[in-house]
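Dear colleague,

I am handing over the structure we spoke about, and below it you will find my notes on what turned up when I went through it. Please read them with the structure open beside you.

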Amino acid sequence: MHIKFFEISNFRKLLSIRVDLAAATTLFVGANNSGKTSAMLALRRFLSPRRCPFEMHDFTLCHWPTIIDIGKSWIEARDKKEVIDLVIDQWVSVLPTLDLWLHVESGEMHHVRDLIPTLDWEGGSLGVRLRYEPKDLNLLYKDFMGALGDAESMRAAAIAAVAAEHPDVDPPPAPPKLTIWPESLVDFLGKRLSTYFTVQAYSLDPTKLLEPSRSQARPQTLPPTSLPIGGDVLAGLIRVHDIPAQRGFGEEQPSQEDEDTPAAMAGSRLSDQLKSYYAKHLDPTKGPDPKDLGALQAIEAAQDAFDKRLTESFKAAFTEVEGMGYPGVTDPRPRVSTRLKAIDGLNHSAAITFEVDVIADDGGMTPILRLPEANNGLGYQNLISMIFRLMSFRDAWMRVGKASKATSAVHIEPLHLVLVEEPEAHLHAQVQQVFIKKAYAVLRTHEDLGSNAKLRTQLVVSTHSSHVAHETSFSCLRYFRRLPAGMAAKVPVSTVINMSEVFGANGETERFVTRYLRAQHADLFFADAAILVEGPAERMLVPNFIRAHYDELNQCYITLLEIGGSHAHKLRPLIEHLGLLTLVITDLDTLTGTGGTSAQPARGTGQKTNNATLKSWIPATDDVDALIDADDKAKIQFSDGDPLFAVRVAYQVPVELTTPGVAGPDIAFPYTFEDALAFENIEFFSAFEGTGLVRKFKEAIESGGGAAEIGNRMYQALKNGKKAEFALDVLEADGFDGLGVPRYIAEGLEWLLAQLKKKQVEILPEVKLAEPNASQPEPAT
């Protein structure tokens, strides 16, 4: 048995999403404010409602007007003295829901007997809806109208008081502005939500399960006659543990005595976690066995000795009290009695210390030096804390030690769901990678687990770290993408993309992309846009062009990847699935003809391009004349139905310039980035002293002969030139900030900036909202 996927509706930014879970580890990735934390929070709210209660802001904002209108309809009916029909139907479309879909084998049906939808169901997909809904509409109506009546009375009193102060003024002045709770039903529920709402479970029909449309889930509509199952239907089925993003290192944490709270949740420090773990799994006073007798005898002996010492110490004090006439002959006499607990030895901030290696000056023995836990680095504290928590989660689930003697130990849940938020905090890259590789193994290190399919563990991790993402298979990544208001709903919402579907059956492409991104430490999954460049010179100079000439672009979250023109198209499936705004800066790579040799670009000679990106992606032609004459529209690929996603290609275009010894303007056809930069800044490079390509470019310009001759000399120099050294020489030049950006790159960067400005707005008024699908609950927003 395992969780196949879950669907969340009407919870914060998650209007309607589906998240598929991998069999072992699932990783949530995406830019900031894309909904990853909301998804983790929704799981905690629905699966652990006692420890993580709902708030009014958990309702998607676009549904607040509907709730306010419900309250207004109640007020209107009261004022008209009409009978109000209190039914759940008008609430259904706005209630937060979690649809949990499991895969259950036929031999595991006894675990889900309360969830079986029909008598002929024999295993496979099984769904349950957890819905946060009103407990008692009559009570909610009564209390809301009572609170509203009190507020109206206070407003009337305020108006009367103002009128009394100004008896001669007709009409009396308006009273000062006064906001009295509740102003609306939303305002009322904002303070008392948990009093009137609860989580109820409903069985779902596997035959009515629909696939998402455009990354939006389509949850099935419950029949009007559906009744809640009643009770905690997931108790005994799923054990949920979590490590939140806020771990509070360096803070003293109160202890937790709640039996439902797993060990290691009492605090982030290892000493707090050890104390909690000891209390649940090792305390000899809880169900002692023969191994505990020695410890219990030692504690009792210490307690007797302490009692005797305290009695002697307080003897003088008690004698003095007796001198006051108490106690008398018949009065009870005071005695000191202590009670020692084994856990008291861990109940202090220095319960954990770290030994420090010390080398003596004379080579002899030195006393062991120790530092308190708080003096350890935050990275080590975080790593140790998380690993120990995972161990504690596993042992709490498997009822290790004393926990095996509790009443709840009779039955171990077949599913263990562990949620970890942002494990990368304070950890350097290598430790982040080690953690994500080892975390699942820690959760399965038990003699009864391992490869046991009857007891399944599923780990869900949210992260902002590219290092964590690259240590995880694409099939385990779930990409959260934010959408502005007006695109899918009236408020900003999120969608989720299953990365296991990116490359389909093309395993070779997936291997290349995985290895490439890991080597480049690329952060495609967390950026707002990407720039793909051809070689090392562009990789070094384009970011500096952005810093020097495009301040607004420099403030955006953009990832820049160096990938040759023959490979950039391999990232196409990934970029299109992510819907990631992308600029591809590449080269013409001209050939004398189909299958010919490389040549200096020229118009009207039948040349072809050898660039796979230009041939197979954008503009999807190999004719160099067509590429040179292509307009901006031909260089852009838009997506149907997604106004925020587009890909633009930028390659060398003709440069108009004046060359030494040639009267009037001339036209140059650059072959690559380096000569395009030189032609764009002909005066700078004609005077730029240096070695390698810099010197050869200077000599080519000084030799004159027109743009074609200069270009041919540069082309010959580029064949064996060291482009990275050229870029470094240009970066060190005194006049670098004054260099002009090659026109084809400048046009691409200006386009990217315009698209990012469009993407960053919160409202897209020109986008028509999609009509709600007939299978979705009404209304869709």
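In this predicted model, the buried residues of helix H11 pack against three elements, namely helix H10 (466-470), strand S15 (558-562) and helix H14 (572-578). The residues of H11 that are buried are Thr509, Val513, Thr514, Tyr516 and Leu517. The length of the helix also agrees with what one would expect, because the 14 residues of H11 (residues 507-520), at 1.5 Å a residue, should span 20 Å, and the C-alpha atoms at its ends are 20 Å apart.

As for the chain as a whole, its secondary structure comes to 22 helices and 22 strands, and buried residues make up 48% of its 781 residues. If you look at the contacts in the chain with a separation of 6 or more, you will find that 73% of them are accounted for by residues 24 or more positions apart. The accessible surface comes to about 37400 Å², and 52% of that belongs to carbon and sulfur atoms.

Strand S11 deserves a slow look. Seven of the seven residues of this strand (residues 456-462) are buried, so S11 is largely enclosed by the rest of the structure. In a regular strand the side chains alternate between the two faces of the sheet. In S11, Arg456, Gln458, Val460 and Ser462 point one way, while Thr457, Leu459 and Val461 point the other way, and all of them are buried. Which strands pair with S11? One is strand S3 (residues 25-30), which pairs with S11 in the parallel sense over four bridges, and here threonine 25 stands opposite leucine 459. Another is strand S10 (residues 415-421), which pairs with S11 in the parallel sense over seven bridges, with leucine 419 having valine 460 as its bridge partner.

Next come the charged pairs. Side chains of opposite charge can pair when their charged atoms come close. The count for this model comes to 27 salt bridges, and I will go through three examples.

The side chains of arginine 44 and aspartate 242 meet in a salt bridge, at 3.9 Å from N to O. This pair links distant parts of the chain, since arginine 44 is in helix H1 (residues 36-47) and aspartate 242 is in strand S7 (residues 238-243), 198 residues apart. Are these two residues buried or exposed? Arginine 44 counts as buried because its relative accessibility is 12%, where buried means under 20%, and aspartate 242, at 5% relative accessibility, counts as buried too.

Arginine 45 forms a salt bridge with aspartate 58, and the closest N and O atoms of the two are 2.7 Å apart. Here again distant parts of the chain are linked, with arginine 45 in helix H1 and aspartate 58 in the loop between H1 and helix H2 (64-79), 13 residues apart. Both arginine 45 and aspartate 58 are buried.

The third example is glutamate 747 with arginine 743, whose closest N and O atoms are 2.9 Å apart. Both residues lie in helix H22 (residues 743-760), four residues apart, which is about one turn of the helix. Glutamate 747 counts as partly exposed because its relative accessibility is 22%, and arginine 743, at 37%, counts as partly exposed as well. Elsewhere, salt bridges that share partners join Arg44, Arg51, Asp242 and Glu421 into one network.

Two further places are worth finding on the model. Leucine 627 is in helix H16 (residues 624-629), and at 0% relative accessibility it counts as buried. Leaving aside its neighbours within four places in sequence, leucine 627 is in contact with Leu588, Thr609, Leu614, Pro619, Thr621 and Tyr651. Leucine 627 and valine 653 are 26 residues apart in sequence, and their C-alpha atoms are 8.7 Å apart in space.

On the surface, by contrast, Val356, Val358, Leu369 and Leu371 form a nonpolar patch, which together has about 290 Å² of accessible area. One of these residues, leucine 369, lies in strand S9 (residues 369-372), and it counts as partly exposed because its relative accessibility is 42%.

With best wishes

Terms used. Residues numbered from 1 in each chain as written. Predicted model: local features only at pLDDT ≥ 70, side-chain atom pairs only at ≥ 80, totals over all residues. Heavy atoms only, no water. Patch = residues over 30% accessible without salt bridge, like charges linked within 9 Å, V, L, I, M, F, W, Y side chains within 5 Å. Areas by Shrake-Rupley, 256 points an atom, 1.4 Å probe, with all protein chains shown as cover. Salt bridge = Lys/Arg side-chain N within 4 Å of Asp/Glu carboxyl O. Helix = DSSP H or I, 4+ residues; strand = E, 2+ residues; numbered from the N terminus. Buried < 20%, exposed > 50% of the residue type's maximum accessible area, 1.4 Å probe, protein only. Expected span 1.5 Å × (residues − 1). Contact = heavy atoms within 4.5 Å. Pairing = 2+ DSSP bridges.
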